[in-house]
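Reader: Got a minute to walk me through this one? I'd like to talk about helix packing and then pockets.

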Amino acid sequence: DSAGYVVWLEAPYGYGKSVLASQWAERLESEWRILWLSSGGWEVKVALEKLLELPPETPWGMLLDDLWKRPTLLVIEDLEGVEDLNPLLKDVRGLLLIASRNTLPYHELPRLKTQQRLVHLQAKQLAFTPDEATSLFRDEQRAKQAWERSQGWSLPLHFSALTGEAPDAEALLEGIQESLSQEAWNEALFLATLP
């Protein structure tokens, strides 16, 4: 929770990225200013200018000075990797949480990783473990069945705990397809045919 760090949540839909981000923000909000963006079609710089009430075409340097003038957690969700995020990643003077469904290509991420200023959580870290599923269900047999069907995928596992029904295979498949690019989906189908 100290300034200069980036948290990257990378997982398909339904792994609790937004929930985790909001819980962290809630914990920090007494001492940190919380700013929240969804990339969804906006250029990050333009969205930041609007959020900070800065004029259009504000240079990155001035924008970043204004952004980090007080302790700030900036959350940016739904990144697709086409956004121009490197200037922001190069100058993190607060906390930055970025969330994506896929791997991001920003060349600043490896630099942050080597400086040990990047926490990168992926689906395998965000998924429920079998023990966590048992705690959620309070019934070891139902928990095991739901975990095996979902492999710990948070959203269907949670719904299964609420409804008492095992995760629906067709819904799981549809959710996976919606979360992946067409290229990744084709690769998943290819890999599924291999023994």
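Author: Sure. One term before we start: a crossing is right-handed if the near helix is turned clockwise from the far one by less than a right angle, and left-handed if anticlockwise. Also keep in mind that this is a predicted model.

Reader: Okay, so which hand does the crossing of H7 and H9 have?

Author: H7 passes H9 in a right-handed crossing. The two pack at about 30 degrees, with their axes 10 Å apart. Angles under 35 degrees count as roughly parallel, so H7 is roughly parallel to H9.

Reader: Which residues make that contact?

Author: From H7 you have Ala133, Leu136 and Phe137, and from H9 there are Leu157, His158, Ser160 and Ala161. By class, that contact of H7 with H9 splits into five nonpolar and two polar residues, with no charged ones.

Reader: Cool. What about H7 and H8, what's the angle there?

Author: About 130 degrees, with the axes of H7 (residues 130–137) and H8 (residues 140–150) 8 Å apart. H7 and H8 are therefore oblique to each other. Their crossing is right-handed.

Reader: And who's touching whom in H7 and H8?

Author: On the H7 side it's Pro130, Ala133, Thr134 and Phe137, and on the H8 side Glu140, Arg142, Ala143, Ala146 and Trp147. The classes for H7 with H8 come out as six nonpolar, one polar and two charged.

Reader: That leaves H8 and H9. Are they roughly parallel or roughly antiparallel?

Author: The axes of H8 and H9 cross at roughly 150 degrees and come within 9 Å. That makes H8 roughly antiparallel to H9, because angles over 145 degrees fall in that class. H8 passes H9 in a right-handed crossing.

Reader: Which residues meet there, H8 against H9?

Author: Arg142, Ala146, Trp147 and Ser150 in H8 meet Pro156, Leu157, Ser160 and Ala161 in H9. That contact of H8 with H9 has five nonpolar, two polar and one charged residues.

Reader: Switching topic: what volume does the largest pocket have?

Author: About 540 Å³. The largest pocket is lined by 23 residues, and Tyr15, Gly16, Lys17, Ser18 and Val19 lie nearest its centre.

Reader: Which element gives the most to the lining?

Author: H1 does, with five residues in the lining of the largest pocket. The elements that give two or more are helix H1 (17–28), strands S3 (72–79) and S4 (95–100), and helices H6 (123–126) and H9 (154–163).

Reader: I'm thinking about the chemistry of it. How many of the lining residues are charged?

Author: Five are charged, alongside nine nonpolar and nine polar residues in the lining of the largest pocket.

Key: Residues are numbered from 1 along each chain as its sequence is written. This is a predicted model: local features need pLDDT of at least 70, side-chain atom pairs count only at pLDDT 80 or more; totals for chains, interfaces and linings use all residues. Side-chain values use heavy atoms; hydrogens and water are left out. Axes are lines fitted to C-alpha atoms, for helices over the stretch in contact, and angles run from 0 to 180 degrees between N-to-C directions. Helices (H or I, at least four residues) and strands (E, at least two) are DSSP runs, numbered from the N terminus. Angles under 35 degrees count as roughly parallel, over 145 as roughly antiparallel, 65 to 115 as roughly perpendicular and the rest as oblique. Contact means heavy atoms within 4.5 Å. Ala, Val, Leu, Ile, Met, Phe, Trp, Tyr, Cys and Pro count as nonpolar, Asp, Glu, Lys and Arg as charged, and the others, Gly among them, as polar. On a 1 Å grid over the protein atoms alone, a cavity is a set of points where a 1.4 Å probe fits but cannot get out, and a pocket is an open set with protein on both sides within 12 Å along at least five of seven lines; lining residues have an atom within 4 Å of a point. Grid points are joined across faces, edges and corners, and a volume is the space filled by probe spheres set on the points.
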